[in-house]
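Thanks, everyone. I have two topics today, a pocket and the cysteines, and I will take them in that order.

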Amino acid sequence: MNAIETIYQAFTKAYKVTTDSRKVEKDAVFFALKGENFDGNDFALKVAEEAIASLVVCDRNDIPEHERIVKVDDSLKALQDLARHHRHQMNAKVLSITGTNGKTTTKELVSAVLSQKYNIIHTEGNYNNHIGVPLTLLTIKPETEIAVVEMGANHPGEIDTLAHIACPDCGLITNIGKAHLEGFGSFEGVINTKTELYRYIKQNGDFIFVNRGNDLLWNLSADQKRVSYGCHCGADYPVAPGECKPYLSVKWKKRLVQTRLVGEYNFENAAAAIGVGQHFGVEDDKIQTALEAYQPTNSRSQVIESGKNRIIMDAYNANPTSMQASVRNFRKICSENHLLILGDMRELGSESENEHKFILKLLEELNYKAAYLVGPNFCAYSGCKRWYTFPTIDDLYQYIENHPIEGKDILVKGSRGIRLEKILPLL
């Protein structure tokens with residue numbers, strides 16, 4: 001019996017794994033992973049001796065022998081290999097979702113719709129990397145029918161690596177835009193990496209879901225088996241946008257679906273969920289129920305009525321594509337008594353200056369009257385006297401403490417690293 005078979009035998013006692021030595025559940029398998037500031041191997045013997053875990057997987061030779069310890073060359077690779085092995089032991093179909101913007105919201109909406117008919121599991125939060133994807137796959141149970149797996153990337157080859165772990169039957173790219181250019185090198189690098197999912201499925205899977213209204217994706221998928229959705233008369237599952245005041249509605253099959261999603265840019269996410277749901281035979285009424293009940297969380301297009309202001313909190317992440325969409329949409333729905341609070345867009349490399357200047361120009365074109373801009377990039381390039389700039393979120397926090405904000409429509413948008421959520425209690 002090889003190491004993976006041994007680990008798998010222990011795993012099937014409870015179908016649980018953990019990478020946190022402080023949160024070991026009964027009969028779970030503990031994987032000792034290394035990070036920049038920690039090494040799970042330091043706790044391997046302690047976890048084994050506590051006899052709670054069924055097995056401990058580590059990759060350091062200096063750890064003493066123990067009946068509950070299995071040593072491997074690389075604990076992370078063992079976790080990934082175990083996930084791939086488990087995926088093939090189960091009967092669940094795997095649907096993988098990636099894209100520059102909207103992949104987490106699309107994953108949540110698709111999962112909400114599919115759960116109306118199927119026993120599903122899906123990526124929790126944004127556990128969409130080389131650790132999160134295997135951990136998601138290992139939550140598949142014998143009764144699971146569909147696994148919805150989100151995949152993220154900021155360097156070439158990452159989607160291909162994740163696809164070879166998850167082995168998806170079908171996949172969906174939400175869109176392709178400018179993000180993580182520092183890691184990808186160029187927009188062409190983003191395209192090549194995201195479409196690694198298409199290429200994997202063409203060779204090993206079944207079909208892809210494609211937004212018929214997205215010309216780039218439609219052209220990139222021309223030689224594949226595909227199921228189409230979106231705002232296009234030629235789509236297999238057509239959907240049209242309705243009004244957005246501020247919540248998005250969509251028109252579909254003579255129905256008007258009223259969502260709790262803010263922003264026209266969420267239309268593609270809702271359309272994807274409708275297309276996927278229809279393809280998998282979810283009843284129309286249940287698709288509508290799922291979409292109308294979904295409530296955004298975790299600073300993703302949340303509308304917050306604070307008692308002092310109406311806030312659109314969209315500070316989970318930001319890149320040029322999503323920033324432009326948010327700023328344009330907010331202008332359509334905000335009152336004249338508005339305020340933008342925008343944070344720098346991170347990981348843009350050599351394109352950072354151009355992209356931040358483009359956003360600043362857009363604010364002028366849209367005639368925004370008030371904006372607080374946070375971060376060194378916006379500070380360096382903003383020349384408009386009516387907009388305030390702050391090097392850090394702490395500087396903005398101190399300013400708002402001394403200059404309270406009331407009676408405004410506020411959009412809060414920026415990269416997660418700027419930590420714009422810190423000012424929310426003041427708004």
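Before the pocket, a word on classes: Ala, Val, Leu, Ile, Met, Phe, Trp, Tyr, Cys and Pro count as nonpolar, Asp, Glu, Lys and Arg count as charged, and the others, Gly among them, count as polar. Also keep in mind that this is a predicted model.

Now the second largest pocket. Its volume is about 760 Å³. How many residues line the second largest pocket? There are 25, and those nearest its centre are Thr-19, Tyr-127, Ile-131, Gly-132 and Leu-135. Two elements give two or more residues each to this lining: strand S1, residues 17–18, and helix H5, residues 132–137. H5 supplies the largest share, three residues. Sorted by the classes I began with, the lining has 11 polar, eight nonpolar and six charged residues.

On to the cysteines. A disulfide is a covalent bond between the sulfur atoms of two cysteines. How many disulfides does the structure hold? The count is zero.

Take Cys-244. Why does Cys-244 have no bond to its closest cysteine sulfur? That sulfur is in Cys-334 and lies 12 Å away, which is too far for a bond. The cut-off for a disulfide is within 2.5 Å. Seen from the other side, Cys-334 is in no disulfide either, and its nearest cysteine sulfur is that of Cys-244.

Are these two residues buried or exposed? Cys-244 is buried, at a relative accessible area of 10%. Cys-334 also counts as buried, with 11% relative accessibility. The limit for buried is under 20%.

That is the end of my part.

Note on methods
Residues are numbered from 1 along each chain as its sequence is written. This is a predicted model: local features need pLDDT of at least 70, side-chain atom pairs count only at pLDDT 80 or more; totals for chains, interfaces and linings use all residues. Side-chain values use heavy atoms; hydrogens and water are left out. Buried means under 20% relative accessible area, exposed over 50%, partly exposed in between (1.4 Å probe, protein chains only). On a 1 Å grid over the protein atoms alone, a cavity is a set of points where a 1.4 Å probe fits but cannot get out, and a pocket is an open set with protein on both sides within 12 Å along at least five of seven lines; lining residues have an atom within 4 Å of a point. Grid points are joined across faces, edges and corners, and a volume is the space filled by probe spheres set on the points. Helices (H or I, at least four residues) and strands (E, at least two) are DSSP runs, numbered from the N terminus.
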